[in-house]
Amino acid sequence: MLPLSLLNAAQNKPMLVELKNGETFNGHLVNCDNFMNVTLREVYQTSPEGDRFWKLKECYIRGSTIKYLRVPDALLDTVKEEQTKARDASRGARGGTFTRGARGRGDGHGARGANRGGGRGGAPERGGRGGRGRGRGT
């Protein structure tokens, strides 16, 4: 599970943020970005010693100062299920299984022989018109 997808799913949910300096912030996630900068609302801030508390209407926390984030366990389960469903749906939408050799035109097994790539026996087939140089082919 990717952290940013989890954070995006956690919007408007309660979360705890602990900073590297020991301060903690409890609030509801308003927004997050690709740098894991977060905006919280209805925040309770606690000092590193745990002896002082502040209530803030909203605060912005820079992602590089965050030690860890804690989100509700139910949210983790929900995001895992959604990602599993999305992965299964994308697998089914690809059109079935891959069969080796059924590549269509330019598969190297046309009317002119098995290797049109310039006459080098072990050279891998690259598709296209084959041959070397800019000529029209023979």
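Which residue in E4 is the bridge partner of Gln45? Keep that question in mind while you open the model, which is a predicted one, and take the stops below in order.

**The whole chain**

Begin with the full chain coloured by secondary structure, where you should be able to pick out two helices and five strands. If you follow the chain from the N terminus, its elements come in the order α-β-β-β-β-β-α. Of the 138 residues in the chain, 22% are buried. If you consider the contacts with a separation of 6 or more, 40% of them are between residues that lie 24 or more positions apart.

**The hairpin of E3 and E4**

Now select residues 38-46, which form strand E3, together with residues 53-61, which form strand E4; these two strands pair in the antiparallel sense, and eight bridges join them. Here the opening question is settled, for the bridge partner of Gln45 in E4 is Trp54. Between the strands of this hairpin there are six residues, and Gly50 in the hairpin has a positive phi near 80°.

Stay with strand E3 and select Glu42, which is found in that strand. Its phi is near 50°, a positive value in a residue other than glycine, and it is worth pausing on this angle. Most residues other than glycine have a negative phi. Glu42 is also partly exposed, because its relative accessibility is 42%. Add the side chain of Arg41 to the selection, and you will find a salt bridge between Arg41 and Glu42, with N and O 3.2 Å apart. Arg41 is likewise partly exposed, since its relative accessible area is 24%.

For another positive phi, move to Met36 in the loop between E2 and E3. The phi of Met36 is near 65°, and this residue, too, is one other than glycine. With a relative accessibility of 27%, Met36 counts as partly exposed.

**Salt bridges**

How many salt bridges does the structure hold? There are four, and the one between Arg41 and Glu42 has already been visited. Select Glu18 and Lys67 next, whose closest N and O atoms are 3.3 Å apart in a salt bridge. This pair links distant parts of the chain, because Glu18 belongs to strand E1 (residues 14-19) and Lys67 to strand E5 (residues 66-70), with their positions 49 residues apart in sequence. Is Glu18 buried or exposed? It counts as buried, because its relative accessibility is 14%.

Then select Arg52 and Glu49, whose side chains form a salt bridge with an N to O distance of 3.8 Å. If you add Asp51, you have a network of Glu49, Asp51 and Arg52, joined by salt bridges that share partners. Arg52 is partly exposed at a relative accessible area of 45%, whereas Glu49, at 58%, is exposed.

**A buried acid without a salt bridge**

Select Glu23, in the loop between E1 and strand E2 (24-32). This residue is buried yet has no salt bridge, and the nearest side chain of opposite charge, that of Arg52, is 7.4 Å away. A salt bridge calls for a side-chain nitrogen of Lys or Arg within 4 Å of a carboxyl oxygen of Asp or Glu, so the 7.4 Å to Arg52 does not qualify. What you can find instead is a polar contact of 2.8 Å between the side chains of Glu23 and Gln45. Once neighbours within four places in sequence are left aside, Glu23 is in contact with Val17, Glu18, Gln45, Thr46, Ser47 and Pro48.

**Two cysteines**

Select Cys32 and Cys59, and note that the structure holds zero disulfides. Cys32 counts as buried, because its relative accessibility is 10%, and Cys59 is also buried, with a relative accessible area of 11%.

**Helix H2**

Finish at helix H2, residues 73-92, where Ser90 lies. The side chain of Ser90 reaches the backbone oxygen of Arg87 at 2.9 Å, and Ser90 itself is partly exposed, with a relative accessible area of 34%. Lys80 lies in H2 as well, and it is partly exposed at 48% relative accessible area. As a last selection, show the C-alpha atoms of Lys80 and Leu6, which are 9.0 Å apart in space although these residues are 74 residues apart in sequence.

Key
Residues numbered from 1 in each chain as written. Predicted model: local features only at pLDDT ≥ 70, side-chain atom pairs only at ≥ 80, totals over all residues. Heavy atoms only, no water. Helix = DSSP H or I, 4+ residues; strand = E, 2+ residues; numbered from the N terminus. Buried < 20%, exposed > 50% of the residue type's maximum accessible area, 1.4 Å probe, protein only. Lys, Arg positive; Asp, Glu negative; His and termini not counted. Polar contact = N/O pair within 3.5 Å; in protein donor to acceptor, adjacent residues only side chain to side chain. Contact = heavy atoms within 4.5 Å. Disulfide = S-S within 2.5 Å. Pairing = 2+ DSSP bridges.
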